[in-house]
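Here is a short, informal tour for anyone meeting this protein for the first time. Take a look at the model, then read on.

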Amino acid sequence: MICFCLAGVKVALHFGFFAVLFLIVELTGSDWALWGVFCCLVHELGHAAAYALCGARPRELHFEAGGMRFVPPEGLLSAGREAFILAAGPLANLLAGGILCLGGGFRAAGAHFLLAGFNLLPLAPLDGGQLFALFLEELLPPRPAERIARAVHLLCLAGMGVCGLLLLRETGNF
């Protein structure tokens, strides 16, 4: 792992990030993996801008095999600020996708729209899952909120699994 500090934020570059990136480029013979990294950078810059607007700073930024992620600051943020920061990543992708559409870059715009949509799924580690849990915590006591969030997470995973199996059956490939 390579670590350095950028604007007071620890940046950690994990081997898995480069390994997955290399594998995708080699297996597909395409530069779309690099476009994916660019889309992820736009997404994380959206979060970074929201942190700055809220007067906060994330502790760390990790580039891992599964993508990129900020580690939030140690101090507690209000629910509104946390929701704003969580929503800023997908919003940055939607904005970038819209701008690219206006310029005729439909394929690149599609990558941004896809990343925004994926990140808004109600899966616990993603922005959408964290936003959903935050919303439930505002409405319900902690235990029921956690149970509902977990149930929705599992239902979403099951739905994705069924869709993947159907795709595999129809095309022989994911």
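Let's begin with a hairpin: strands S3 and S4 are connected by one, and two residues carry the chain from S3 into S4. S3 covers residues 60–64, and its five bridges to S4 join the strands in an antiparallel arrangement. To pick out one pairing, find Leu61 and look across to S4, where its bridge partner is Phe70.

Is S4 mostly buried or exposed? This strand, residues 67–71, has four of its five residues buried, so the rest of the structure largely encloses it.

Before going further, a word on trust. What you're looking at is a predicted model. The mean pLDDT of the protein is 92, and 99% of the residues reach 70 or more. Confidence is lowest in helix H1 (residues 15–28), where the mean is 89. It is highest in helix H3 (residues 79–102), with a mean of 96.

**Salt bridges**

How many salt bridges does the structure hold? There are four. Here are three of them, with the N to O distance for each pair.

| Pair | N to O distance |
|---|---|
| Glu74 and Arg59 | 3.8 Å |
| Glu146 and Arg150 | 2.7 Å |
| Arg169 and Glu170 | 3.0 Å |

Start with the salt bridge between Glu74 and Arg59. This pair ties together distant parts of the chain, 15 residues apart: Glu74 sits in the loop between S4 and H3, while Arg59 sits in the loop between helix H2 (32–53) and S3. So both loops border the hairpin strands we began with, one next to S4 and the other next to S3. Glu74 is exposed, at 67% relative accessible area, whereas Arg59 is partly exposed at 38%.

The salt bridge between Glu146 and Arg150 is a more local affair: both residues belong to helix H6, four residues apart, which is about one turn of the helix. Glu146 has a relative accessible area of 48% and is partly exposed. Arg150 is partly exposed too, at 45%.

Then there's Arg169 with Glu170. Are these two buried or exposed? Arg169 counts as exposed, with 63% relative accessibility, and Glu170 is exposed as well, at 57%.

**A nonpolar patch on the surface**

Charged pairs aren't the whole story. Which residues make the nonpolar surface patch? Phe118, Leu154, Leu157 and Met160 do, and the patch spans about 360 Å². Helix H6 (residues 142–171) is the biggest contributor, giving three residues. Phe118 comes from helix H4 (residues 106–119). With a relative accessibility of 39%, Phe118 counts as partly exposed.

**The loop leading into H6**

Finally, look at the loop between helix H5 (127–139) and H6, where you'll find Pro141. Pro141 counts as partly exposed, at 49% relative accessibility. How far apart are Pro141 and Ala111 in space? Their C-alpha atoms are 38 Å apart, while the two residues are 30 apart in sequence.

Putting it together, H6 turns up again and again on this tour: it holds the Glu146 and Arg150 pair, gives the most residues to the nonpolar patch, and follows the loop with Pro141. The other place worth a second look is the hairpin of S3 and S4, with S4 largely enclosed by the rest of the structure.

Key
Residues are numbered from 1 along each chain as its sequence is written. This is a predicted model: local features need pLDDT of at least 70, side-chain atom pairs count only at pLDDT 80 or more; totals for chains, interfaces and linings use all residues. Side-chain values use heavy atoms; hydrogens and water are left out. pLDDT is the predictor's confidence in each residue, from 0 to 100. Buried means under 20% relative accessible area, exposed over 50%, partly exposed in between (1.4 Å probe, protein chains only). Two strands pair if DSSP finds at least two bridges between them. Patches are made of residues with over 30% relative accessible area and no salt bridge: like charges are joined within 9 Å, nonpolar side chains (Val, Leu, Ile, Met, Phe, Trp, Tyr) within 5 Å. Accessible areas come from the Shrake-Rupley method with a 1.4 Å probe; for residues, only the protein chains shown count as cover. A salt bridge is a side-chain nitrogen of Lys or Arg within 4 Å of a carboxyl oxygen of Asp or Glu.
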